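Reader: I have some questions about the empty spaces and a helix crossing. Please answer each from its definition.
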Amino acid sequence: MTQAVRNYITFLTRCARIAFVGDWRYYAWMGLLTAIVLLGINAYCKQFVHGLIVTGMGDEVSWGVYIGNFTFLVGVAAAAVMMVIPVYIYRNKELHDLVVFGELLAVAAILMCLAFVTVDLGRPDRFWHLIPGIGQLNFPASMLSWDVVVLNGYLLLNVHICGYLLYCRYCGRTPSRWFYIPFVFIAIAWAVSIHTVTAFLYVGLGGRPFWNSSIVGPRFLASAFTAGPALIILALQVIRAVTHYPISDKALLTLRSIVQVSMIINVFLLINELFKEFYTGATHVASAKYLFFGLHGHNALVPWIWTAIVFNLIAMFLLVLPVSRSLKWLNLACVLSIIGIWIEKGMGMVIPGFVPSTLGMIVEYQPSTNETLISFGIWAFGLLVYTILLRMAVPILQGRLARANEGCGVLEDGLPPKVETAIEAH
Amino acid sequence: MNSQSDAPGKAPAPSMRRRSFLRSSAIFGAGAAALAASLKPLMDLEKFTSTEEFLQKHYKEMSPADMAKVLARISREVEKQYDVRPHVRDLRPMDGVEFVYALNLTRCIGCRKCVHACVAENNQSRSPEIQYIRVLKMPHGSLDIEKSDHNYDPEKVPEKGFFYMPVQCQQCENPPCVKVCPVNATWQEKDGITVIDYDWCIGCRYCMAACPYGARHFNFAKPSIPKERLNPEMAYLGNRPRKIGVMEKCHFCVQRTRTGRYPACLEVCPAGARKFGNILDPESEVSKILSTKRVFIQLKEELGTSPRFFYYFDV
């Protein structure tokens with residue numbers, strides 16, 4: 001038993017160590033991210049001292065870019081399932097060795113989500129009130145308490161699945177199916193639940209007609225399964241370029257079909273929503289009017305939402321056309337859909353819910369510099385986490401970091417030499 | 001990240017080891033300095049919380065002895081900050097009482113005296129301003145609050161062609177704000193008042209998003225009240241000074257109404273538009289109004305929140 005613990009600690013130490021070594025590009029990238037994270041921490045310290053008054057939020061628009069980014073990133077985390085399903089249900093060979101990269105992205109995305117909710121809290125010191133047993137989690141009445149449960153559960157599931165598979169690969173042994181397959185299937189259902197619950201967070205509020213619409217859940221899932229795999233397509237190409245890890249174009253094209261179908265559904269659902277809002281012309285259309293056309297001379301969101309719509313439409317056409325079988329066009333489509341959906345779900349979904357206010361007042365929202373810095377800081381933190389996770393995972397999957405080469409010293413690339421006795425089993 | 005190399009590894013020479021040690025110490029030193037610099041704004045942090053406050057239990061889990069200690073702490077803190085010795089009590093709901101508010105829209109003249117009385121009574125922050133009552137100026141003939149004007153400022157009220165509708169917490173029978181709170185920091189008491197434990201609220205503002213009446217207000221900054229304006233007659237669930245980062249709202253002046261007095265907004269109203277009382281008592285003024293007036297409405301009745309705040313007309 002103690003030997004097993006000692007082995008595991010050795011594994012963790014070696015992983016931690018490798019996070020600090022790399023070539024100059026690695027140091028430059030990590031240095032840049034660290035600098036942005038520090039700027040974010042600095043901005044957050046200011047917010048902590050002076051309160052949320054340093055943000056652009058106020059009595060009328062009481063949630064802003066923090067909750068917008070949170071919503072978007074829950075979608076990114078949920079989208080990992082779009083790699084898991086082909087691999088574990090349809091036995092897709094191309095994606096098999098890549099699925100762990102999707103799950104690690106989910107881990108990084110959930111950590112960003114938790115950070116975004118935390119910086120949005122007025123009293124982060126009282127977070128323990130949420131812990132069942134010592135605090136008072138209002139479960140199941142509050143959808144936010146559901147979110148706390150499902151997000152943390154999803155984080156644990158993914159940490160377990162990735163951690164277990166990578167450790168087995170490190171030890172050179174075949175993973176025991178009972179130790180991860182049940183969790184993989186739980187995680188599939190769980191991934192859908194995290195985004196559905198996040199949608200219900202908004203949908204359940206009768207006082208906000210813009211959100212109180214049953215289409216929000218489906219739209220969230222469709223947009224998540226567009227932006228998430230799009231992000232994974234880009235991430236995989238970066239991994240391929242810098243680590244020479246074998247990633248086939250065919251794998252990327254499998255993901256392309258997922259992005260393609262999801263984007264079509266996403267645009268279709270948007271049309272449904274627009275029709276319902278504008279054709280009936282009831283008084284509750286005010287928020288949608290504000291978002292798309294401006295209301296009584298207030299039109300801060302209009303350029304944003306039209307950018308999003310144009311980007312999404314261009315992305316959809318690119319994805320449908322055969323040109324996006326070439327990576328250049330596919331990448332363009334991915335970038336456009338990520339930006340389009342980020343706007344649609346952040347600025348385009350959260351803010352208009354508050355405009356006009358429940359008492360009919362129009363107050364526009366614009367994130368403050370400090371708020372923006374914090375948001376960038378959290379994004380940089382997420383990328384930092386993802387890079388570190390990949391820095392550990394890639395050599396393990398390549399067999400460069402294994403039990404077999406413990407104590408072998410390192411080569412000039414910071415990694416130990418490959419020892420051929422390591423069994424490559426998965 | 002790495003180049004593929006299958007060359008056999010060798011242990012680095014001692015001189016290299018020293019050099020890399022120096023280099024990593026330099027990096028860690030620079031990192032620590034950068035982190036310290038980024039944390040610098042924390043130096044301005046004034047008393048944010050205390051161990052006692054941090055570890056304090058939820059209102060409903062406190063024993064009378066716990067509550068006595070908490071009230072003593074609040075009293076001490078208020079005295080230190082405002083140089084006024086407050087009288088803080090934990091007032092519980094009375095048996096056989098359910099409070100209801102009725103507001104006569106025919107009489108309200110839109111003078112906003114209720115707003116000011118409320119701010120003074122309930123120790124609301126003057127900067128940034130927090131007000132529990134919002135008076136809407138409505139165009140003649142419409143109850144669509146999207147047509148309302150919040151910032152009206154004429155020489156004289158009332159203005160011709162308009163009527164005025166003050167909106168505050170509607171003390172719903174089915175309050176959406178209570179349902180959504182992730183930590184049970186807000187709940188409905190048996191006299192119908194929805195209250196907040198300011199020491200338990202985590203400041204997520206979900207209740208603010210859920211409230212259809214704009215009744216919930218958040219302390220975006222540290223509230224400030226001039227010392228000489230502090231109302232020392234306080235209740236735990238009522239008007240005791242709030243902290244930064246928590247929610248607050250109208251609580252029908254629990255510090256007054258649970259001791260048999262009227263809310264401050266009612267007392268000050270020059271038009272006699274505001275009526276308040278116990279709906280369970282058939283002889284009370286509000287019971288009489290609700291049983292005799294031909295028309296009275298609940299704001300946004302279609303949402304099913306069932307407010308205990310009624311608007312009526314002299315017809």
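Author: Ala, Val, Leu, Ile, Met, Phe, Trp, Tyr, Cys and Pro count as nonpolar, Asp, Glu, Lys and Arg as charged, and the others, Gly among them, as polar. The model is predicted.

Reader: What makes up the lining of the second largest pocket, by class?

Author: The lining has 32 nonpolar, 6 polar and 3 charged residues. A:Trp29, A:Met112, A:Leu231, A:Trp379 and A:Leu383 lie nearest the centre of this pocket. Trp, Met and Leu count as nonpolar, so these five residues belong to that class. The space is about 1100 Å³.

Reader: Which helix gives the most to that lining?

Author: H13 of chain A, with 9 residues.

Reader: Why is the space around A:Arg219 and A:Glu273 called a cavity?

Author: A 1.4 Å probe fits there but cannot get out, and therefore the name is cavity. This is the largest cavity, with about 200 Å³ of space. Its lining holds 18 residues, with A:Glu344, A:Gly348 and A:Met349 also among the closest to the centre. By class, the lining divides into 11 nonpolar, 2 polar and 5 charged.

Reader: How do you know that H1(A) and H13(A) are in contact?

Author: Contact means heavy atoms within 4.5 Å, so the residues that make it can be named. H1(A) brings A:Phe11, A:Cys15, A:Ala16 and A:Ile18. H13(A) brings A:Arg391, A:Met392, A:Pro395 and A:Ile396. Arg counts as charged, so A:Arg391 is the 1 charged residue beside 7 nonpolar.

Reader: At what angle do the axes of these helices cross?

Author: At roughly 115 degrees, coming within 8 Å. The crossing is right-handed.

Key
Residues numbered from 1 in each chain as written. Chains lettered and ligands numbered in written order. Predicted model: local features only at pLDDT ≥ 70, side-chain atom pairs only at ≥ 80, totals over all residues. Heavy atoms only, no water. Axes fitted to C-alpha atoms, helices over the stretch in contact; angles between N-to-C directions. Helix = DSSP H or I, 4+ residues; strand = E, 2+ residues; numbered from the N terminus. Left-handed = near helix turned anticlockwise from the far one by under 90°. 1 Å grid on protein atoms, 1.4 Å probe; cavity = no way out; pocket = protein on both sides within 12 Å on 5 of 7 lines; lining within 4 Å. Points joined across faces, edges and corners; volume = space filled by probe spheres on them.
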